[in-house]
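Visitor: Please pick one residue and give me a close look at it, then work outward to whatever surrounds it. I would enjoy one connected account rather than a list.

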Amino acid sequence: MTGPTNNTLGWMLDEVLKVPRARHAILLSADGMLRAFSKDIDRDDAERLAAGLSGVQSISRSTAEFCGTPHTPWRQTLIEFAHGYVFLVAAGEGAYLAVSTGEDVDMEAVTYRMHKLVDRLGKELTSPARQDTGSPA
């Protein structure tokens, strides 16, 4: 997996952006760490958005019982804004893929490309939980 100072998977995220009106893509971990980002987004912006989207996926997962039972697996969240969307999907254990788009995007094409990318990368997108470093707080 890429580290915080490395963007070796960024070029793969650019593949999702081949859908007209797709803007940016980031790969993040459950704890909000940026793992990769597409070419047209600044690293600082991508890191800030990764932290925020981590909260979005956490809140989304906490509402599972609204769709069945508390253990219903979360798969995707869609956020709509006046001028676009943010798609957020599970991309492996502890990893999430987010894509921003314009308002007139082909939503089906975006989600299809996102899921194909997740399938293609497989284990590379898995982001295990951080281990306690043992240092005193």
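Guide: Let's start at S100: leaving aside its neighbours within four places in sequence, this residue is in contact with A22, R23, H24, Y85 and V86. Bear in mind as we go that this is a predicted model. S100 belongs to strand 5, and three of its partners, A22, R23 and H24, fall within strand 1 (22–29). Y85 and V86 fall within strand 4 (84–90). S100 counts as buried because its relative accessibility is 17%, and the cut-off for that class is under 20%.

Now to the space beside this residue. S100 is one of the residues lining the largest pocket, and two of its contacts, H24 and V86, line that pocket as well. The rest of the lining is A25, I26, I41, R48, L49, G52, L53, A98 and V99. The space in this pocket comes to about 220 Å³. Strand 1, helix 2 (43–62) and strand 5 (95–102) are the elements that give two or more residues each to its lining. Helix 2 has the largest share, with four residues. Sorted by class, the lining holds eight nonpolar, three polar and one charged residues.

Which partner does R48, from that lining, meet in a salt bridge? The answer is D45, with 3.3 Å from N to O. The two residues both sit in helix 2, three residues apart, or about one turn of the helix. R48 is exposed, at a relative accessible area of 53%, whereas D45 is partly exposed, at 34%. In general, side chains of opposite charge can pair when their charged atoms come close.

Next door to S100 in sequence is V99, which also lines the pocket. V99 leads us into the largest nonpolar core, a set of 23 residues in which L13, L97, V99, V110, M114 and L117 touch the most other members. Two or more residues each come from helix 1 (10–16), strand 1, strand 4, strand 5 and helix 3 (107–121). Helix 3 gives the most, with five residues. Another core lies apart from it, made up of 13 residues, among them I41, L53, W74 and A98. Of these, I41, L53 and A98 also appear in the lining of the largest pocket.

Back in the 23-residue core, L13 makes a good landmark. Not counting residues up to four places away in sequence, L13 touches A25, I26, L27, A36, F37, S38, L97 and L117. A25 and I26 are names we have already met in the pocket lining. L27 is in strand 1, and it is buried because its relative accessible area is 0%. The C-alpha atom of L27 is separated by 7.6 Å from that of A50, although the two residues are 23 residues apart along the chain.

One more stop is worth making on the way back to strand 5. R21 lies in the loop between helix 1 and strand 1. Its backbone catches the eye: R21 has a positive phi of about 80 degrees although it is not a glycine. Most residues other than glycine have a negative phi. The side chain of R21 forms a salt bridge with D104, the closest N and O atoms being 3.2 Å apart. D104 lies in the loop between strand 5 and helix 3, so this pair ties together parts that are 83 residues apart in sequence. D104 itself is exposed, with a relative accessible area of 52%.

The whole structure has three salt bridges, and the one we have yet to visit joins E15 and K18, whose closest N and O atoms are 3.1 Å apart. E15 is partly exposed at 27%, while K18 is exposed at 52%.

Finally, let's step back to the whole chain. There are three helices and five strands, following the pattern α-β-β-α-β-β-β-α along the sequence. Of the 137 residues in the chain, 41% are buried, S100 and L27 among them. Among contacts between residues at least 6 apart in sequence, 52% join residues at least 24 apart.

How values were computed:
Residues are numbered from 1 along each chain as its sequence is written. This is a predicted model: local features need pLDDT of at least 70, side-chain atom pairs count only at pLDDT 80 or more; totals for chains, interfaces and linings use all residues. Side-chain values use heavy atoms; hydrogens and water are left out. On a 1 Å grid over the protein atoms alone, a cavity is a set of points where a 1.4 Å probe fits but cannot get out, and a pocket is an open set with protein on both sides within 12 Å along at least five of seven lines; lining residues have an atom within 4 Å of a point. Grid points are joined across faces, edges and corners, and a volume is the space filled by probe spheres set on the points. Ala, Val, Leu, Ile, Met, Phe, Trp, Tyr, Cys and Pro count as nonpolar, Asp, Glu, Lys and Arg as charged, and the others, Gly among them, as polar. A nonpolar core is a set of buried Ala, Val, Leu, Ile, Met, Phe, Trp, Tyr and Cys residues joined through side-chain atoms within 4.5 Å. Buried means under 20% relative accessible area, exposed over 50%, partly exposed in between (1.4 Å probe, protein chains only). Contact means heavy atoms within 4.5 Å. A salt bridge is a side-chain nitrogen of Lys or Arg within 4 Å of a carboxyl oxygen of Asp or Glu.
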